[in-house]
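Biologist: Please take a close look at the second largest pocket in this model. Which residues and elements make up its lining, and how does the lining divide by residue type?

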Amino acid sequence: MNRLVVISPAPTANGDLHLGHLAGPFLAADVCTRYARATGREALYGTGMHFTQNYIVTAAARLGVAPEELRERSSEQVQQTLAAMGIEVDGFGCIGDRFTKLVIDFYDRLHGMGALELRTVRFPYLPSTGEYLMDAYVTGGCPFCLADGYAGICESCGLPVAPGDLIGPRSTLRPDEPLEYREADILVFPVERYRVELEAYFARTPMRPGMAQLIESALAGPLPDFPITQPTSWGIPAPFPEVPGQVIYPHMEGMPWSMFTTALAAEKRGAVLAADDELWHSDSGSTVVYFLGLDATYPFAIVGTAMLTALGGHVLPSRYVTNEFYELANEKFSTSRGHVVSGRELATEVPRDLIRFHLCATSPEYQRTDFTHEALLRVSETRLTGPWNRVAAVVDAWVGHGPLPVSEEARRTALRMAERFADGYELRRFSVTAVASTLAEQLGRLDRLAATVTAGTAGDLCHQVEVFLRCAAPILIDLAAAALSDTSLPGRVDAETVTPKRLPRLTG
């Protein structure tokens, strides 16, 4: 069994997905999954919603709604947006009894084997409410990169920020009230204990430059203990007697959540599992790939891998496809400031194939990139819609004249084109930006070929157009579905004849 397990970490349920989310992990994960299936590989794609982050509480307070209402509404919006963009998720995981049990069982195992330790930790404390502040409840300066943000994981540098280490901490909900520091005993996972295994793991794991820099920075000094429980009430209650009244730290739900969404994905596609973590067993034949932003890398790649190492008998993720920030008019997308473009809303204005192509072409794979509506329309017309519609018109002129002969040179060219696309699709160098570039280049070549087509070369053109459509199908999902009865790859690249079929058009 060579099963591909694709995971995009769940977004916090405090709003809809905007284009920054989509251009990062979600569209890339969908493209990867579609390509794997087109080449005959079993593939599962899981994501969902994170219902226990206290960002939900602060967002709900700002909006004047109950946190439970906000997270349910957000979950519905996110699922609608994914569907509107043609992102097909097999397992969409949210909180519930089954998930809660998996989380508790996961940490019960670690607790039972002595892998969790009790530590006394300093927290900012709000005397007026009697609350310890962590993550979205407290804001201040990052002690590593000095950027302003929340405790937990720094969005700028990706390193873990203990609440008590924030520079100039302020309560998010009560910013004018003075804070003090108080200590509390919590359970932690001692990550440094697994340094040797982590160093060996990352030495053999492919990474993009941003992640490589993050890992290097993290490993440059002792790895801090990572919280497993927190002294707050919003979250999954921790069952451990040492920390009564505490909850499981939401950042640490990620690994059991990954197993949960994988199980849901497999069951949706017909599997019957004996256990929710079955496809993560070391003998399961699964290859796990994460698509994630850099700010999710530390808890998943470093702490998550260390915990799987501690447990033993589990598959370790083979690859992390990370992304930088996608900006709107040169500023970071911000739901709280209303500086967003919703994928669901944009899909009502622009055909989603055009959106998918543009987001792939401008994906922030190695550095921050920028979205503008004007660029979407202009680039789509010049590099996609215009060339494709001209090619389709030429192919249509030969409908009814087939079967047409395909030359040996055209077959070689079609094979090379498929190989060029595969260079971007295959996991070893996966890049939706590279695929979008290849798509535009090959479509431009076909456009030039169509402009000079003759009776002797019409079969060559029609054959290459069909192969092109198959190769573009993981991105141009609606065009391919309208033109092809199946989208398997590479198709009949060695066909000696082709019968032209009328082709659909792209609209702007």
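Modeller: Helix H14 gives the most to the lining of the second largest pocket, namely seven residues. The model is a predicted one, and the description below is to be read on that basis. H14 covers residues 458-472. Strand S21, at 497-498, is the other element named here, and H14 and S21 each supply at least two residues of the lining.

The space in this second largest pocket comes to about 400 Å³. Its lining consists of 22 residues, and those closest to the centre of the pocket are Glu466, Leu484, Val498, Thr499 and Lys501. By residue type, the lining of the second largest pocket holds twelve nonpolar residues, five polar ones and five charged ones. As to how such space is found, a probe the size of a water molecule is rolled over the atoms, and this shows where empty space is left.

A separate part of the model, for completeness, is an open sheet of three strands. Its order is S7-S6-S10, and the pairing is antiparallel. Strand S7 (148-150) and strand S10 (167-171) are the edge strands, each of which pairs on one side only. From one strand to the next, the twist averages 25°. Strand S6, made of residues 138-141, is joined to S7 by three bridges, and the two run antiparallel. Within this pairing, Thr139 stands opposite Tyr150 in S7.

Definitions and conventions. Residues are numbered from 1 along each chain as its sequence is written. This is a predicted model: local features need pLDDT of at least 70, side-chain atom pairs count only at pLDDT 80 or more; totals for chains, interfaces and linings use all residues. Side-chain values use heavy atoms; hydrogens and water are left out. Two strands pair if DSSP finds at least two bridges between them. Helices (H or I, at least four residues) and strands (E, at least two) are DSSP runs, numbered from the N terminus. Axes are lines fitted to C-alpha atoms, for helices over the stretch in contact, and angles run from 0 to 180 degrees between N-to-C directions. On a 1 Å grid over the protein atoms alone, a cavity is a set of points where a 1.4 Å probe fits but cannot get out, and a pocket is an open set with protein on both sides within 12 Å along at least five of seven lines; lining residues have an atom within 4 Å of a point. Grid points are joined across faces, edges and corners, and a volume is the space filled by probe spheres set on the points. Ala, Val, Leu, Ile, Met, Phe, Trp, Tyr, Cys and Pro count as nonpolar, Asp, Glu, Lys and Arg as charged, and the others, Gly among them, as polar.
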